[in-house]
Structures are given as C-alpha cells and as structure tokens.
Amino acid sequence: MAHEAGKATEERRRLGGWLPTHEPHLARYRTEVAAKARQRGASEPRTRAVEELAALVNDDAVLRMDLTRAIAQAREAGFVLGYSNIDELMDVIDYLMTYAPPFSTTSLIHCPLNALLDWPMCMPSGYALFRDPALNAQLKRVLNCWCGFLSGPHSREHLTVSPPDGWLSREADQRIGLSQFICNPDQPYWGFASWNDFFTRRFRDGMRPVDEPDNDKVIVSACEAAPYNVQHDVKADDTFWIKAQPYSLRDVFTANRSELADTFAGGSVYQAFLSAFNYHRWHAPVSGVVSHAYAVDGTYYSNADSEGEDPAGLNDSQGYITAVAARAVIVIECDDRSIGKVACIFVGMADVSSCIIEALPGMRLRKGDELGFFQYGGSTCCLVFEPGVIEGFVPQPPFDDKSTPVKVNSRIAIAR
C-alpha cells in the first residue's frame, strides 16, 4: 500500500509552492512536528480554541467516527501522518498555534495544518467530515487563533538574513525579490512588525503599473497569480462537485444573492492561483463603483470527491472550492456600461483564516486600486464577467503547474 501511496503522489503535483512537491518531505515534517508536539504537550495546556475543537469532535459521535476512520484509512493506505488518533492530532494542531514557517529551498511548508491533514481530508471518510458546518466553524476559530500569533511580534523568528531558515536571506530573496517591496534592511526585521506584515508586504511605487489605466476595455489581473482555468457560458446552477468542476454561480455568490448569479449566468470566468512567494493583495481589475462586498463563511479543507486522493491539498479542487470554501466577494459596477458588472471572488484555501475586504459598497475605484488581501495561506481567485463582454483572454489554456504568474495590474482580457 505504501508503494501505491507513493505512486499517487508522483502522478499529481502540488501547485504554488505552498507544500513540498515530494511526499517524503511532508512525511518527515509531520513526524518531526509530532515529536515536538509530544514534548510540549506533556507540560503545557492546550490553546482554548484547540481544546474546543477536540471537545467538538470527541463529543459528536459522527465527527468522532469520521475523523477516526479518515486517520485510519490514510495510515492503511501507507501515508506517514505523525499521529495515529484524534488526541495526538489535537496535540500537533496545538503546537502549531505558535508556529511561524521557516524558509526552505527544498521542503517549504507554508501551510502546516494543510500538511497535517493532507491525506485524511481526501480519504473516503474525510470528504463529508471536512464539509461539516460545525467543524468548519471551529476550524475558523483555530485558524484565527493562529493568525493572531502570526500578527504579533513573536512570529518574527524567521524574519532574518540567516540561512537556511531566514526569509530575508539571499536564498529567499532569489525567490521573492525583496527589493520590489517596501522594507528597510537597516531596521530590525527589515521593518516588518510580524509574520503577517511580511506576508502581506506591499510593492514599492511603480513596481506594478496599471496597464492602460484610462482604457476601460483593458481588464487587468486582480492578483499576482498563475492562470488556472478559463470557462465560458457558466451556469447559474451546476453540479460543481463532479470531475470537471463546472462553476455554479448560485453557490459561488450564495443562495441569498441569486440576483448576482442571474446577472452573470452565461458569462465567463477567469481563475488563477497565488504562489507562496508572491504578492497577496487584491486590486481592482476595472474602474467603477463597488456594488457588493461581503465575506462568506465556508470550508477550509474540503476536497472534491471526484479528484480522489489528491496530493495537491486542494489545488486540484480549485473549481469546486469556489462554491464551498471561505471567500470574499466584491462586485464592481463598471464605468463602461457596456461591460456591466465584474465580480471578484477571492477564495481562501487550506490555512487561510482571513480574507480581508477593504473596498466597501459605494466606494469609487480606479483600475488598480486596492480591494483587500489574504492574511495568510494558499489562495485562488476568480473574475466573473457578464455574457458577451469578453472579446478574448490573454492567458490561454492549456494551463499547467509551470504557468508563470500574471503580474497584478497587467492585462488579462479585452472587453468588446
């Protein structure tokens, strides 16, 4: 069975650098973190949010059954988890509440909770488990707890110039290009107040100019993100959970926003995913007035059953998660009335605990103005257009895991 598990991981890739490509790196990481968690767990009480998560799972017969079985199924399939039961898993999750990811040239773990749950979440018993609303509500509290740590000064442990772990080291700089961003090497931690402050770093003025700012027909990328999918004639209602993962607009916008689904039915979707090393703020793809801006609670580790055992840790489920995952929705009424509305969907993947909206209803935006940001973790985004609006997209399929990220504020489409 271990051979089959290894074979599965070789056939499919993890995108964006959020987790290592090769499963042995992850197996070693899970084993090492679990050992550290056992040492700490013997002397310190659990964080309240994690203790509440443990109580929820242990007190609910169905959740306890499904998680126990998902762990067993992953281990029986040959995957090395570092834990063998719910109690051990909770100890490891608790350890991660004060964990700041170190840089690595070979085995970067940007999403540690995703690394822990990578296989139970796509076992037969894991699919329904990670869609459970009560479980996801508590996972949100856990992720918010971790996000609080990442927003504080104690999270700067690896914001140093020292290799191999330092995010400000020469090796990391070769991946990130720190000179593009606002920072000061003469200040402690280069002026970053926390890990999250570093993660949501801003470009220096002029680094990402807006493509033809006065031409409303030129639509620009809302994120620094690699193309993932383009789909036309999207449906208001569709079976988003099947293999092809078609977009289901009524589920993307939520049932109580059905007027938006009707507005965009028959239109086009452009989807792209963000890399662990790239910029994580969102910008307006068009000029206009914000008509809607709202957050949607949802899942964090739910995979599409149709993808089977997915080593990509949600990457192969990116169409599906637009309808189920935690996300932010911002709709802009364009100045060019022939374009109509453009919807921007920013989807939290895995360890994302916050999609922060800054552009509120009624605000007037120029193309390229900031809309918000992902506070931490893997992410994907969609731009949704009304029927007949798009003459053509600049990025064209087929797309693969080697697709170069499209720079934020650069052209992705031309409107008719």
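Let's start at one pair of residues. Val 218 has Ile 414 as its bridge partner in strand 13. This is a predicted model, so keep that in mind throughout. Val 218 and Ile 414 belong to a pairing between strand 1, residues 218-220, and strand 13, residues 411-415. Three bridges join these two strands, and they run antiparallel.

Strand 13 has another pairing. Strand 12, residues 390-393, is joined to strand 13 by three bridges, again antiparallel. Here Ile 390 stands opposite Ala 415. What holds paired strands together in general? Strands of a sheet pair through backbone hydrogen bonds, either parallel or antiparallel.

Now step back to the whole chain. The protein chain has 13 helices and 13 strands. It has 416 residues, and 58% of them count as buried. Take the contacts with a separation of 6 or more. Of these, 77% are between residues 24 or more positions apart.

Next, the sheets. Seven strands form an open sheet. Read across it and the order is 2-3-11-7-6-5-9, with antiparallel pairing. Which strands are at the edges? Strand 2, 226-232, and strand 9, 364-365; each pairs on one side only.

Look inside that sheet. Strand 6, residues 327-334, pairs with strand 7, residues 341-348. That pairing is antiparallel and has seven bridges. One pair to find on screen: Arg 327 has Val 347 as its bridge partner in strand 7.

Arg 327 turns up again with Thr 254. Leaving out residues up to four places away in sequence, Thr 254 touches Val 296 and Arg 327. Thr 254 lies in a loop, between helix 11 (249-253) and helix 12 (258-264). Is Thr 254 buried or exposed? Its relative accessibility is 17%, and the cut-off for buried is under 20%, so Thr 254 counts as buried.

Back to the sheet, and to strand 11, residues 379-385. Cys 381 sits in this strand. Cys 381 has a relative accessible area of 7%, so it is buried. What does Cys 381 touch, not counting residues up to four places away in sequence? The answer is Cys 223, Ala 225, Tyr 270, Gln 271, Ala 272, Leu 274, Ile 345 and Phe 346. Pick out Leu 274. Along the chain, Leu 274 and Cys 381 are 107 residues apart. Their C-alpha atoms are separated by 8.0 Å.

There is also an open sheet of three strands. Its order is 4-10-8, and the pairing is antiparallel. Why is one side of strand 4 (281-283) and of strand 8 (355-357) left without a neighbour in the sheet? Both stand at the edges, each with a single partner strand, so one side of each stays free of a neighbour there. From one strand to the next, the twist averages 20°. Strand 4 pairs with strand 10, residues 370-374, over three bridges. In that pairing, Trp 282 stands opposite Gly 372.

On to the helices. Helix 3, residues 48-59, packs against helix 4, residues 61-76. The angle is about 100°, and the axes are 5 Å apart. That makes the two roughly perpendicular. Where do they meet? Leu 56, Val 57, Asn 58 and Asp 59 in helix 3 meet Ala 61, Leu 63, Arg 64 and Leu 67 in helix 4.

Helix 4 also packs against helix 5, residues 86-95, at about 85° with axes 10 Å apart. Helix 4 and helix 5 are therefore roughly perpendicular as well. Arg 64, Leu 67, Thr 68 and Ile 71 in helix 4 meet Ile 86, Leu 89 and Met 90 in helix 5.

Last topic: the cores. In soluble globular proteins, nonpolar side chains tend to be buried together. In this model, the largest nonpolar core has 75 residues. Those with the most contacts inside it are Met 90, Ile 93, Leu 116, Trp 167, Phe 198 and Tyr 301. Helix 8, residues 133-150, gives the most to this core, with seven residues. Where does the core lie? Domain 1 (14-201) and domain 2 (218-415) both give residues to it, so it lies between them.

Zoom in on Ile 93. Beyond its neighbours within four places in sequence, Ile 93 is in contact with Val 50, Leu 53, Leu 113, Leu 116 and Val 142. Apart from this core lies another, of 36 residues. Among them are Cys 223, Tyr 270, Val 342 and Ala 359. Two of those names, Cys 223 and Tyr 270, came up before, as contacts of Cys 381.

Technical notes: Residues are numbered from 1 along each chain as its sequence is written. This is a predicted model: local features need pLDDT of at least 70, side-chain atom pairs count only at pLDDT 80 or more; totals for chains, interfaces and linings use all residues. Side-chain values use heavy atoms; hydrogens and water are left out. Helices (H or I, at least four residues) and strands (E, at least two) are DSSP runs, numbered from the N terminus. Buried means under 20% relative accessible area, exposed over 50%, partly exposed in between (1.4 Å probe, protein chains only). Contact means heavy atoms within 4.5 Å. A nonpolar core is a set of buried Ala, Val, Leu, Ile, Met, Phe, Trp, Tyr and Cys residues joined through side-chain atoms within 4.5 Å. Domain bounds come from an automatic or database domain assignment. Two strands pair if DSSP finds at least two bridges between them. Axes are lines fitted to C-alpha atoms, for helices over the stretch in contact, and angles run from 0 to 180 degrees between N-to-C directions. Angles under 35 degrees count as roughly parallel, over 145 as roughly antiparallel, 65 to 115 as roughly perpendicular and the rest as oblique.
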